[in-house]
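Got the model open? Let's go through it by asking what makes each label fit.

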Amino acid sequence: DAARRQATIALKLDSEDAGAYAALSRLESGYRAEEVVLLRGIKFAKHPKEPLGALYSYEGTLLSNVGRLREALSFQLIAQATDKWGAPKASKVALIYADIGNMPAARTWIAKAAQRWPNHSSVRDNRLTIAGFYEDPRVARTILDEIGANAWGNDPSIGVWRRFIDAKAAASPRTTPDAVKVIMAAGDAGLISRETEVVMLAALGQPKLAIGAANAALDLGQPLQPRFLFIPVTRNIRQDPGFVSLATRMGLIDYWRGTGKRPDFCTDH
């Protein structure tokens, strides 16, 4: 309530204040309510450039979370162009390129981000995601070595990523169960995000376990960013009967019906 009051006062003083719109968007519950604020801010806000870029970035993230990845790319590009020195914005451009299958562009953008901000948490996390889920295992291991060498202190998530990449590369029924146990334990311990846990399980051919992990997180009241449901790696989740109930539970079905905007996988031919 206090945050909302302060943001409202800010807009009364300056109706073009992007920071106030950005703050208000964080206070909304549900994709549609958040998007209303974001689009209003994008329409009326003019400055400062950092939160103005954030408005476009937040809308791009929202579109990714509801499965509209191709539209999300445009917003992430505008966000980065608006705030060229925003490390999260540059790495998000790289991630969305990887998600839509343009790996040359993804590599270019993530390399630029890593060169400028090698230890920024957003750059590091998105670099791990791109390497682990989209790169050849040999390339991914090299990137893990570099990230591990640059990390502040001992990063336990690196070991989990290595276990996952090794299991994916082996593609052996004998190695998968042990890797699955390590991944699920890491998710429970908070060593990796729940979203990363779900994608890892799907990538190892365990869509039901992946859906179960997502539902378990929701049971505990843990918020999830559902972008992970719409990337190439999780196609087997979208093909599983449990996908519809999970999407319903996360408010996605209501958004698609209410806006008439379908996710990319419903319009691809």
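Q: Which residues touch the most other members of the largest nonpolar core?
A: This is a predicted model, by the way. In its largest nonpolar core, which has 80 residues, L55, L229, L252 and W256 touch the most other members.

Q: What makes a group of residues a nonpolar core?
A: The residues have to be buried ones of types such as Ala, Leu and Trp, joined through side-chain atoms within 4.5 Å. L229 and W256 are among the members of the largest core, so they are buried and joined in that way.

Q: Which residues is L55 in contact with, leaving aside its neighbours within four places in sequence?
A: L55 is in contact with A18, Y21, A22, L38, G41, I42 and A45. Apart from the largest core lies another one, of 6 residues, including A90, A113, A114 and V123.

Q: Why is S57 called buried?
A: The cut-off for buried is under 20% relative accessible area. S57 comes out at 4%, so it counts as buried.

Q: Where is S57, and what is it in contact with?
A: You'll find S57 in helix 4. Leaving aside neighbours within four places in sequence, S57 is in contact with F75, Q76, A79, K89 and K92.

Q: How do you know that helix 6 is mostly covered?
A: Just look at the count: 11 of its 13 residues are buried. Among them are K89, A90, V93, L95 and Y97. The buried residues of helix 6 pack against helix 4, helix 5, helix 7 and helix 8.

Q: What makes the span of helix 6 close to the expected one?
A: From first C-alpha to last, helix 6 reaches 19 Å, and the expected figure at 1.5 Å a residue is 18 Å. Just after helix 6, G101 takes a positive phi of about 95°.

Q: What is the volume of the largest pocket, and which residues are closest to its centre?
A: The volume is about 930 Å³. Of the 38 residues lining this pocket, T61, N126, E195, Q225 and R227 are the closest to its centre.

Q: Which helix gives the largest share of that lining?
A: That's helix 8, with 8 residues. Other elements giving two or more residues include helix 2, helix 3 and helix 12.

Q: How do the lining residues of the largest pocket divide into nonpolar, polar and charged?
A: There are 14 nonpolar, 15 polar and 9 charged residues. E195 and R227, two of those closest to the centre, are Glu and Arg, so they count as charged.

Conventions. Residues numbered from 1 in each chain as written. Predicted model: local features only at pLDDT ≥ 70, side-chain atom pairs only at ≥ 80, totals over all residues. Heavy atoms only, no water. Buried < 20%, exposed > 50% of the residue type's maximum accessible area, 1.4 Å probe, protein only. Contact = heavy atoms within 4.5 Å. 1 Å grid on protein atoms, 1.4 Å probe; cavity = no way out; pocket = protein on both sides within 12 Å on 5 of 7 lines; lining within 4 Å. Points joined across faces, edges and corners; volume = space filled by probe spheres on them. Helix = DSSP H or I, 4+ residues; strand = E, 2+ residues; numbered from the N terminus. Expected span 1.5 Å × (residues − 1).
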